[in-house]
Amino acid sequence: MPGPSRQARTIRLPGRDVAYLLTRSRRRTLALSVGISGVRVNVPYWVTLREIEGFIRERAEWLQQILERREAAQATRLADGSTVWYLGRALKLRCFPGLFEEVRRVRHELWVSGAGEAVPDLIAEWLRRKAAQLLPRRALRYGRRLGRRCETGLMTGGSRWGSCTARGRIRLNWQLIGAPLWVIDYVAAHEAAHLLHLDHSPRFWSQVEALHPRWREARNWLKAHGDTLLTGD
Ligand SMILES: [Zn+2]
């Protein structure tokens, strides 16, 4: 049996082009959803592209409404005075319109200089850079503690916080950089524990417990606050 196949596609709807991720798998029905990582369409292997596009068009109005609401929320989210989460701390965003694109953290504030429309990208870049400096190291640390060799890096997109393959490749979602360190460490410990157990068996959880005794609390934190960290990139 082939595994699921994924493909990035775009469909022209009245007024706008909508990008979506098409996933073909062994499922039996068609499904359209808008998640934190964008529009997803999940279909069985046998459905034609024409049928898929017809399916999306039937739901175009609903889809457009959701996308518009989301964009409006994102635009207001990153205006001067709004909050940017960094290591569990709320940094107040200060925008300085200017030619020089620069992001600098000054105590409890994040100063961003640049054209208004560039601000969200500048912030995402800054957070990504910080994530790249910190997250892979945390996972590596737990891997070492287990005496396992692993390769660590960042994951972009998707609604998952981390992943670990049978070959020992650990990926952490860069958007975790908004969470407190003990929560980041839970995800790092969780993925590292998969180096020993590639399942969520009781043995796996006792390994997580040994690495990170606050795992339950951290998991609840992610359930409660995770949505505010995920921007879908
Ligand atoms: Zn897991």
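Which residue in β6 does T83 stand opposite? It's K92. Keep in mind that what we're looking at is a predicted model.

So let's stay with that hairpin for a moment. Strand β5, residues 83-86, pairs with strand β6, residues 89-96, in the antiparallel sense, and the pairing runs over four bridges. There are two residues between the strands, and L87 takes a positive phi there, near 50°.

Okay, zooming out. The domain assignment splits the protein chain into domain 1 at 5-75, domain 2 at 78-124 and domain 3 at 131-229. If you take the C-alpha centres of domain 1 and domain 3, they sit 30 Å apart.

Now the helices. Take α4, residues 181-193, and α6, residues 215-229: their axes are 9 Å apart, and the packing angle is about 105°. That falls in the 65 to 115 degree window, so we call α4 and α6 roughly perpendicular to each other. Who's making the contact? On the α4 side you've got W182, V183, Y186 and A189, and on the α6 side W215, A218, R219, W221 and L222. By type, that's eight nonpolar, no polar and one charged.

Last thing, W215, which lies in helix α6. Buried or exposed? W215 has 21 C-beta neighbours inside 10 Å, so it counts as buried; the cut-off is 20 or more. Leaving out residues up to four places away in sequence, W215 touches Y186, A189, V208 and E209. And for a sense of distance, W215 and R59 are 156 residues apart in sequence and 40 Å apart in space, C-alpha to C-alpha.

That's it from me, happy to discuss.

Key: Residues numbered from 1 in each chain as written. Predicted model: local features only at pLDDT ≥ 70, side-chain atom pairs only at ≥ 80, totals over all residues. Axes fitted to C-alpha atoms, helices over the stretch in contact; angles between N-to-C directions. Parallel < 35°, antiparallel > 145°, perpendicular 65-115°, else oblique. Contact = placed C-beta atoms within 7 Å. Nonpolar A, V, L, I, M, F, W, Y, C, P; charged D, E, K, R; others polar. Domains from an automatic or database assignment. Pairing = 2+ DSSP bridges. Buried ≥ 20, exposed ≤ 12 C-beta atoms within 10 Å, placed from the backbone.
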